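The following paragraphs offer a guided reading of a protein structure. Please keep the sequence and the three-dimensional view at hand while reading.

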Amino acid sequence: MTETNNKVRVAIIGSTGYGGVELIRLLQAHPRVEITSVISSSTAGVPISDGFPHLTNIITRNLDGVHPAEIAEVADLVFAATPSGVSTKLVPELLDAGLKVVDLSGDFRLKDGAVYEQWYKHPAPKAELLEKAVYGLCEVFGEEVRDVDFISNPGCYPTATLLGLIPALSAGWIDASSLIIDAKSGVSGAGRGTSLMTHYAEINENFKAYKVNKHQHIPEIEQVLTQVSGEPITVTFTTQLVPMTRGIMTTMYATLNGAYTTEDFIELYRQYFKGRQFVRIRDLDVWPATKEVSGSNYCDIGFAVDARTNRVTIISVIDNVVKGAAGQAIQNLNLMMGWEESLGLTFTPIYP
Ligand SMILES: NC(=O)C1=CN([C@@H]2O[C@H](COP(=O)(O)OP(=O)(O)OC[C@H]3O[C@@H](n4cnc5c(N)ncnc54)[C@H](OP(=O)(O)O)[C@@H]3O)[C@@H](O)[C@H]2O)C=CC1
Ligand SMILES: CC(=O)N[C@@H](CCC(=O)OP(=O)(O)O)C(=O)O
């Protein structure tokens with residue numbers, strides 16, 4: 001990989017979407033990255049600040065078209081912040097052109113193509129690429145990310161959910177057959193395209209469930225939980241849209257396998273995530289709120305054991321666009337490059 005002035009050259013496909021624009025914001029402040037191309041399939045040739053005035057005098061370059069060979073001439077690594085279905089076709093061409101790739105879509109997260117087709121309703125990528133893609137949940141699989149050239153960035157809901165469940169499941173503290181996940185997202189999770197679902201009058205002062213038991217993140221969560229626990233796991237997973245711009249809260253319920261206390265959970269998770277600065281385990285009765293991670297790469301997790309019901313409630317929050325997308329993608333870049341994983345990501349949440 002070429003490093004110019006000690007910097008890696010990076011291109012962003014889908015730079016006119018929410019994930020891409022957030023990558024621009026974060027990478028602008030990254031000390032080891034130079035953005036050499038911002039790419040659009042529909043508006044190439046115009047300055048990106050035409051459509052995004054907040055980038056005026058920050059990114060002065062024009063949008064480039066989607067041409068893998070040309071991208072490979074100016075960049076070493078590309079972020080594909082593209083819709084599912086698009087990445088399936090694009091990523092092989094980018095890899096063939098010699099680029100490293102971090103793909104933000106759901107296309108390469110599921111190892112079984114038939115499962116992908118069942119949930120995503122698109123033709124699956126080739127099996128060898130599904131095999132090659134490394135699932136970049138940094139705090140769990142960070143060692144596997146080092147020195148690879150193709151990362152599949154985890155989904156937003158799965159990031160919050162998996163970080164909230166894996167330590168307790170790995171330790172055998174919770175019953176794997178009892179998992180219920182109640183998930184809520186701000187509307188930026190749906191991307192920049194307009195739809196009736198996210199239209200202001202439909203979501204303002206409203207709160208609605210969608211894709212109940214049908215969400216494409218269900219097999220992703222089940223695949224990873226099955227992998228870490230060694231036994232087949234299914235989950236009940238309900239997604240809901242909240243009238244806010246950013247943020248995900250997942251509230252998880254599980255039956256306990258023993259007489260563990262809330263303090264035990266806090267200690268278990270602090271040990272599991274020791275040295276991983278982006279996961280913050282809350283003190284007793286200090287519940288995480290989405291605002292407390294907004295604009296940052298943190299995932300905050302809190303617990304309450306209920307001895308009466310023999311269940312634990314686990315609450316996990318992230319900013320869907322940062323830790324759920326662009327921030328985690330940069331964390332993966334850092335690991336791929338052998339840099340400190342927090343490089344360029346150590347900013348404080350925006351509050352209030
Ligand atoms: N928003 C979020 O919180 C999260 C999103 N993701 C995933 O990240 C990806 C990007 O999401 P998000 O930014 O929200 O989506 P958006 O809909 O906001 O943006 C997607 C972008 O992809 C570009 N695009 C569309 N078709 C093509 C094509 N054929 N070739 C190249 N580029 C294309 C579009 O830009 P143009 O027309 O200019 O090319 C568009 O701006 C998606 O796969 C999404 O599921 C994952 C986690 C969280
Ligand atoms: C609020 C909202 O609509 N969120 C989206 C998140 C989709 C996403 O990020 O898609 P992939 O991870 O599968 O690429 C959804 O629920 O479908």
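How many bridges join strand β13 (residues 299-306) to β14, and in which sense do the two strands run? There are 8 bridges between β13 and β14, and the two strands run antiparallel. One pair in this arrangement places glycine 302 opposite isoleucine 315 of β14. The two strands form a hairpin, with 4 residues between them. Within the turn, asparagine 310 has a positive phi of about 60°.

Before going further, the reader should note that this model is predicted.

Strand β14 (residues 311-318) also has another partner to consider. Strand β11 (residues 248-255) pairs with β14 in the antiparallel sense, over 8 bridges. Here threonine 251 has isoleucine 315 of β14 as its bridge partner. Isoleucine 315 thus appears twice in this account: it is the bridge partner of threonine 251, and glycine 302 stands opposite it. Strand β14 is mostly covered, as 6 of its 8 residues are buried.

It is useful now to step back to the whole chain. The secondary structure of the protein comprises 12 helices and 14 strands. Its C-alpha trace extends over about 65 × 45 × 40 Å along the principal axes. Why may the overall fold be compared with a compact globule? A compact globule of 352 residues would have a radius of gyration near 20 Å, and the protein agrees with this because its own value is 20 Å. Of the 352 residues, 47% are buried. Contacts across the sequence can be considered as well: among those between residues at least 6 apart, 70% join residues at least 24 apart.

The domain assignment divides the protein into domain 1 (3-132) and domain 2 (157-319). The C-alpha centres of the two domains are 27 Å apart. Where they meet, 9 residues of domain 1 are in contact with 7 residues of domain 2. Helix α5 (residues 113-120) provides the largest share of the side of domain 1 that touches domain 2, namely 3 residues. By class, that side of domain 1 consists of 5 nonpolar, 2 polar and 2 charged residues.

Attention may now turn to the beginning of the chain. Strand β2 (residues 7-13) is largely enclosed by the rest of the structure, because 6 of its 7 residues are buried. Strands β2 and β3 pair in the parallel sense over 6 bridges. In this pairing, valine 10 has isoleucine 35 of β3 as its bridge partner.

Helix α1 contains valine 21. Is valine 21 buried or exposed? Valine 21 counts as buried because it has 23 C-beta neighbours inside 10 Å, and the threshold for a buried residue is 20 or more. Apart from neighbours within four places in sequence, valine 21 is in contact with Ser15 and Phe52. Valine 21 and isoleucine 48 are separated by 27 residues in sequence, and their C-alpha atoms are 9.8 Å apart in space.

The loop between α1 (18-28) and β3 (33-39) holds histidine 30. Histidine 30 is buried because 20 other C-beta atoms lie within 10 Å. If residues up to four places away in sequence are not counted, histidine 30 touches Ile330, Leu343 and Gly344. The C-alpha atoms of histidine 30 and isoleucine 151, which are 121 residues apart along the chain, are separated by 19 Å.

The last topic is the ligands. Ligand 1 is surrounded by 31 residues, of which the closest are Gly17, Gly19, Ser40, Ser105 and Gly191. Helices α1 and α12 (322-336) each supply at least two residues of this shell, and α1 gives the most, with 3 residues. By class, the shell around ligand 1 divides into 10 nonpolar, 20 polar and 1 charged. Where does ligand 1 lie with respect to domain 1 and domain 2? Both domains give residues to the shell around ligand 1, so this ligand lies between them.

Ligand 2 can be described in a similar manner. Its surrounding residues include Ser84, Ser105, Gly155, Cys156, Gln216 and Thr239. The shell around ligand 2 has 3 nonpolar and 8 polar residues, and no charged residues. Because domain 1 and domain 2 both give residues to the shell around ligand 2, this ligand lies between them. Ser105 is named among the closest residues to ligand 1 and is also one of the residues around ligand 2.

Terms used:
Residues numbered from 1 in each chain as written. Chains lettered and ligands numbered in written order. Predicted model: local features only at pLDDT ≥ 70, side-chain atom pairs only at ≥ 80, totals over all residues. Rg over C-alpha atoms; globule rule 2.2 N^0.38 Å. Buried ≥ 20, exposed ≤ 12 C-beta atoms within 10 Å, placed from the backbone. Contact = placed C-beta atoms within 7 Å. Pairing = 2+ DSSP bridges. Near = placed C-beta within 6 Å. Nonpolar A, V, L, I, M, F, W, Y, C, P; charged D, E, K, R; others polar. Domains from an automatic or database assignment.
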